Amino acid sequence: MAIASEETTRICNHCDRAIPSSNIDLHYAHCSRNLERCKVCGDMIPKKHAEEHFLNTHAPVACSLCSETMEREILAIHKGEICPQRIVTCDFCEFPLPAIDLAEHQEVCGNRTELCHLCNRYVRLRERYNHESRCTGIAENNEGSSRDVRAAEREQAHPRRQASEYSRRRILFMIAITGIAVLLGSLFFQKKTDSSQVH
């Protein structure tokens, strides 16, 4: 039996698809009655789903964080990189806050100081990384302010106060844990007693 040659095709004027020539009239009637081309993406969509297609695919959407309206395609980029209400963390204290407030927060937060345990000087948080790379571990009394020196001397003069504050905190923590354990135990015992009286 001879192999049939490939059937010739024609392009549908409505959907621009190649259709076998023998079916082109039937296809065109069905295609033009039921399908329409999306004005945004050019896809052929069933007419009854055209509005749903537009709303789900092309309609502008509002950012859930800042309520700005934009194209759906850029919403993910907006939320991740541009939105002023996206949550970012402070470089100094890692506190999460909206991006719009970050500059003001870091201005204040970066001016806080911490004690360098190598040279025993107080260093601004914004200068900490540069300081750590240059710190020799030698106390530099001539560069530090008198307030820094006095604070360091106070810490060295009162190690007992720091230890007592630590032990006081530890005692309060233990009291809190014990109280919670007693409360949970009494609730458990009460439920057990109530259930044994029911039976």
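# Briefing on a predicted protein chain

Arg128 has a relative accessible area of 17%, so this residue is buried. The value falls under the 20% that marks the limit for buried residues. The structure described here is a predicted model. The protein chain contains 7 helices and 10 strands. Its salt bridges, one helix in its first numbered elements, several single residues and a nonpolar surface patch are taken up below.

**The chain as a whole**

- The protein chain has 199 residues, and 21% of them count as buried.
- The exposed area of the protein chain is about 15,800 Å², and 55% of this area comes from carbon and sulfur atoms.
- When contacts between residues at least 6 apart in sequence are considered, 7% of them join residues at least 24 apart.

**Salt bridges**

- Side chains of opposite charge can pair when their charged atoms come close.
- The count for this model is 2 salt bridges.
- One salt bridge joins the side chains of Glu114 and Arg128, with a distance of 3.4 Å from N to O.
- Glu114 belongs to strand S9 (residues 113-115) and Arg128 to helix H5 (residues 128-134), so this pair ties together parts of the chain that are 14 residues apart in sequence.
- The two partners are covered to differing degrees: Glu114 is partly exposed at 39% relative accessibility, whereas Arg128 is buried at 17%.
- Another salt bridge joins the side chains of Asp16 and Arg37, with a distance of 3.2 Å from N to O.
- This pair links distant parts of the chain, 21 residues apart: Asp16 is in the loop between strand S1 (9-11) and strand S2 (18-20), and Arg37 is in strand S3.
- Arg37 has a relative accessible area of 35% and is therefore partly exposed, since partly exposed residues lie between the limits of 20% and 50%.

**Helix H2 and its buried side**

- In helix H2 (residues 50-58), the buried residues are Ala50, His53 and His58.
- These residues lie on the same side of H2, because they cover an arc of only 70 degrees around the axis.
- The buried residues of H2 pack against two strands, S3 (35-37) and S4 (44-46).
- His53, located in helix H2, has a relative accessible area of 15% and is therefore buried.
- Apart from its neighbours within four places in sequence, His53 is in contact with Cys38, Cys41, Ile45 and His58.
- Strand S3 thus appears in two settings, because Arg37 of S3 takes part in a salt bridge link with Asp16 and S3 also packs against the buried residues of H2.

**Surroundings of Arg112**

- Arg112 is situated in the loop between helix H4 (99-109) and S9.
- With a relative accessibility of 39%, Arg112 counts as partly exposed.
- Outside its neighbours within four places in sequence, Arg112 is in contact with Cys93, Val123, Arg124 and Leu125.
- Tyr122 is 10 residues from Arg112 in sequence, and the C-alpha atoms of the two residues are 9.4 Å apart in space.

**Loop residues with positive phi**

- Asp16 is a residue other than glycine, yet its phi is positive, near 60 degrees.
- The position of Asp16 is in the loop between S1 and S2.
- Ser67 likewise is not a glycine and has a positive phi of about 65 degrees.
- Ser67 lies in the loop between strand S5 (61-62) and strand S6 (69-70).
- The relative accessibility of Ser67 is 54%, so Ser67 counts as exposed.

**Helix H7, its surface patch and a record annotation**

- Ile180, Leu183, Leu184 and Leu187 make a nonpolar surface patch of about 390 Å².
- Leu184, one of these residues, is in helix H7 (residues 159-198).
- Leu184 has a relative accessible area of 54% and is therefore exposed, as exposed residues have over 50%.
- An unreviewed UniProt entry lists residues 171-189 as "transmembrane region", and such an annotation may be inferred rather than shown by experiment.
- In the model, the span of residues 171-189 is 100% helix and 0% strand, and its end C-alpha atoms lie 27 Å apart.

How values were computed:
Residues are numbered from 1 along each chain as its sequence is written. This is a predicted model: local features need pLDDT of at least 70, side-chain atom pairs count only at pLDDT 80 or more; totals for chains, interfaces and linings use all residues. Side-chain values use heavy atoms; hydrogens and water are left out. Buried means under 20% relative accessible area, exposed over 50%, partly exposed in between (1.4 Å probe, protein chains only). Helices (H or I, at least four residues) and strands (E, at least two) are DSSP runs, numbered from the N terminus. The arc is that of the directions from the helix axis to the C-beta atoms. Contact means heavy atoms within 4.5 Å. Patches are made of residues with over 30% relative accessible area and no salt bridge: like charges are joined within 9 Å, nonpolar side chains (Val, Leu, Ile, Met, Phe, Trp, Tyr) within 5 Å. Accessible areas come from the Shrake-Rupley method with a 1.4 Å probe; for residues, only the protein chains shown count as cover. A salt bridge is a side-chain nitrogen of Lys or Arg within 4 Å of a carboxyl oxygen of Asp or Glu.
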